[in-house]
Amino acid sequence: MILQSDKPKEECAIFGIYNSKEAANFTYLGLYSMQHRGQESSGIVSTDGSHLYRYANMGLVANIFTQTKIKELIGDSAIGHNRYSTTGASFLRNAQPIRVESHLGPIALAHNGNLVNSWDIRNKLERDGSIFQTTIDSEVIVHLMAKSHANDLLQALCESLNQIRGAYSLLVLTPRYLVAVRDPNGFRPLVMGKRSDGSIVFASETCAFDITETEYVRDVEPGEMIVIDHTGMRSLYPFAKAKPSLCIFEYIYFARPDSYIFGDSVYKVRKSLGRQLARVMPVEADVVIPVPDSATIAALGYSEESGIPYQSGLIRSHYVGRTFIEPDQKIRDFGAKIKYNVVKEVVDGKRVVVIDDSVMRGTTSRKIIKMIRNAGAKEIHFRVSAPPTISPCYYGIDIPTHNELIAATHSIDEIKKYLRVDSIAYLTLDGMHGAVEGHKGGGFCDACFTSNYPVEFQEHIGNQKSLFTEYAVEE
């Protein structure tokens with residue numbers, strides 16, 4: 001069986017470096033540091049100025065790239081990708097970066113995000129004779145480039161991107177160029193840095209800069225295209241200006257707490273969310289414990305603001321993945337017990353505040369609460385450092401469908417009864433924006449909490465993943 005998580009699934013990570021003798025090695029390290037953003041497949045494409053060299057496989061970064069494989073990725077520039085599938089099945093053919101040959105020359109592309117009109121574009125391209133090699137939305141970009149009548153790759157890329165809608169942070173590599181692009185809304189993060197050897201680095205999060213000894217320079221701006229070649233670096237803005245719609249879930253859950261994204265510290269924002277939660281949803285209790293690891297910093301903020309002591313009452317195993325043990329039906333908490341264990345002396349006889357950053361289906365939360373109760377907790381008060389999640393995301397986060405989201409189909413009181421807690425409270429929408437925008441200044445996408453989608457999409461987009469999955473054939 002595969003243990004199912006009650007959390008939104010990770011997106012993807014991208015990393016790129018230009019003009020470094022150790023390009024493939026640094027790309028490996030950058031991807032390793034961003035493994036939390038995708039664990040299905042990983043790949044690297046490098047160039048020596050004449051050819052593109054690619055290796056990709058299913059699994060984790062450390063298991064895929066041996067020293068022999070990295071040595072085969074020759075050249076002084078490279079891009080890499082860690083994947084979690086939001087569109088397209090989890091098969092090797094869908095591993096990124098994509099590499100294609102075209103009249104523009106060889107092109108490699110790594111994409112973080114989700115295109116909301118890719119299905120319609122793909123159908124049209126296939127009717128016009130295009131033959132797709134993958135089932136991922138990213139491939140429509142290179143097909144649009146290949147169909148362009150432009151003789152210049154950058155012009156073809158701009159024409160292609162002006163036909164698509166949705167979320168994309170992109171890295172494009174050719175023997176001549178490394179190009180970094182962020183969609184006009186800026187949904188997904190993309191940061192730029194510089195190493196002491198003069199090489200330029202791009203990554204989804206700054207935690208990749210720490211491991212590669214890269215100095216953070218700035219974010220790639222929404223709607224910006226940064227082009228690097230032997231003549232230097234230049235910045236273009238080839239798209240119509242749009243209202244910034246930075247993904248607020250990056251701060252709440254996805255990004256590593258030691259990263260800087262959207263111009264601010266994830267740690268600082270996450271702690272501010274916990275503090276705000278304590279202000280607006282206080283409760284008398286003896287101990288605060290997080291659901292590790294993503295809620296740890298919010299729980300610290302809640303503890304500091306409320307004055308209730310913080311303890312590590314839940315211990316999480318970091319080695320949980322696939323298991324082929326089929327439990328007896330009566331062992332209903334099997335999955336949660338493999339992933340978490342309760343520290344009895346922390347909760348026994350105590351009034352416990354359990355802090356989590358999000359609740360999707362509620363199934364894992366219910367099992368965790370039962371475990372804490374069985375360990376002797378006198379009272380359990382459940383607090384969530386974000387508003388109720390009521391809508392799926394179409395911009396690159398694999399949030400369950402509307403009917404699967406417990407907050408979309410049940411009242412707060414019904415959720416309380418289902419989880420079997422003494423009280424439950426979510427951070428308010430205003431409270432969340434107050435905590436986050438107090439650092440950044442606004443411009444966030446909160447569609448998963450409000451159903452207010454900043455970029456329109458066709459009604460069938462919600463079925464897009466299942467349509468692609470049925471189309472795919474396992475390799």
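The crossing of helices α5 and α6 is right-handed in this predicted model, and the axes of α5 and α6, the latter spanning residues 153–161, come within 8 Å and cross at roughly 125 degrees. Since an angle counts as oblique when it falls outside the ranges for roughly parallel, roughly perpendicular and roughly antiparallel, α5 and α6 are therefore oblique to each other. On the side of α5 the contact is made by I141, L144 and M145, while α6 contributes L153, A156, L157, S160 and L161. Sorted by class, this contact has seven nonpolar residues and one polar residue, with no charged residues.

Helix α5, which covers residues 139–147, also packs with helix α4, residues 118–127, at an angle of about 45 degrees and with the two axes 10 Å apart. This pair, too, is described as oblique, because the angle between α4 and α5 falls in that class, but here α4 passes α5 in a left-handed crossing. The residues that make the contact are S118, I121, R122 and L125 from α4, together with V140, H143, L144 and K147 from α5. By class, the contact of α4 with α5 has four nonpolar, two polar and two charged residues.

From these helices the reader can turn to C12, a residue that the UniProt record, in an unreviewed entry, annotates as "active site". C12 is found in strand β1, which runs over residues 12–18, and, because its relative accessible area of 7% is under the 20% cut-off, C12 counts as buried. When the neighbours within four places in sequence are set aside, the residues in contact with C12 are R37, H81, N82, R83, Y84, H111, N112 and S204.

E101 offers a contrasting case, for E101 lies in the loop between β5 (98–100) and β6 (107–115), and, because its relative accessibility is 64%, E101 counts as exposed. Although E101 and L52 are 49 residues apart along the chain, their C-alpha atoms are separated by 9.9 Å.

Further along the chain is helix α10, made up of residues 296–306, in which T296, I297, A298, A299, G301, Y302 and S303 are buried. These buried residues of α10 pack against helix α9 (266–280) and against the strands β17 (287–290), β20 (351–356) and β21 (379–384). Just after α10 comes G307, which takes a positive phi of about 80 degrees.

Methods
Residues are numbered from 1 along each chain as its sequence is written. This is a predicted model: local features need pLDDT of at least 70, side-chain atom pairs count only at pLDDT 80 or more; totals for chains, interfaces and linings use all residues. Side-chain values use heavy atoms; hydrogens and water are left out. Axes are lines fitted to C-alpha atoms, for helices over the stretch in contact, and angles run from 0 to 180 degrees between N-to-C directions. Helices (H or I, at least four residues) and strands (E, at least two) are DSSP runs, numbered from the N terminus. Angles under 35 degrees count as roughly parallel, over 145 as roughly antiparallel, 65 to 115 as roughly perpendicular and the rest as oblique. A crossing is left-handed if the near helix is turned anticlockwise from the far one by less than a right angle, and right-handed if clockwise. Contact means heavy atoms within 4.5 Å. Ala, Val, Leu, Ile, Met, Phe, Trp, Tyr, Cys and Pro count as nonpolar, Asp, Glu, Lys and Arg as charged, and the others, Gly among them, as polar. UniProt positions are given in the numbering used here, feature names are shortened, and annotations may be inferred rather than shown by experiment. Buried means under 20% relative accessible area, exposed over 50%, partly exposed in between (1.4 Å probe, protein chains only).
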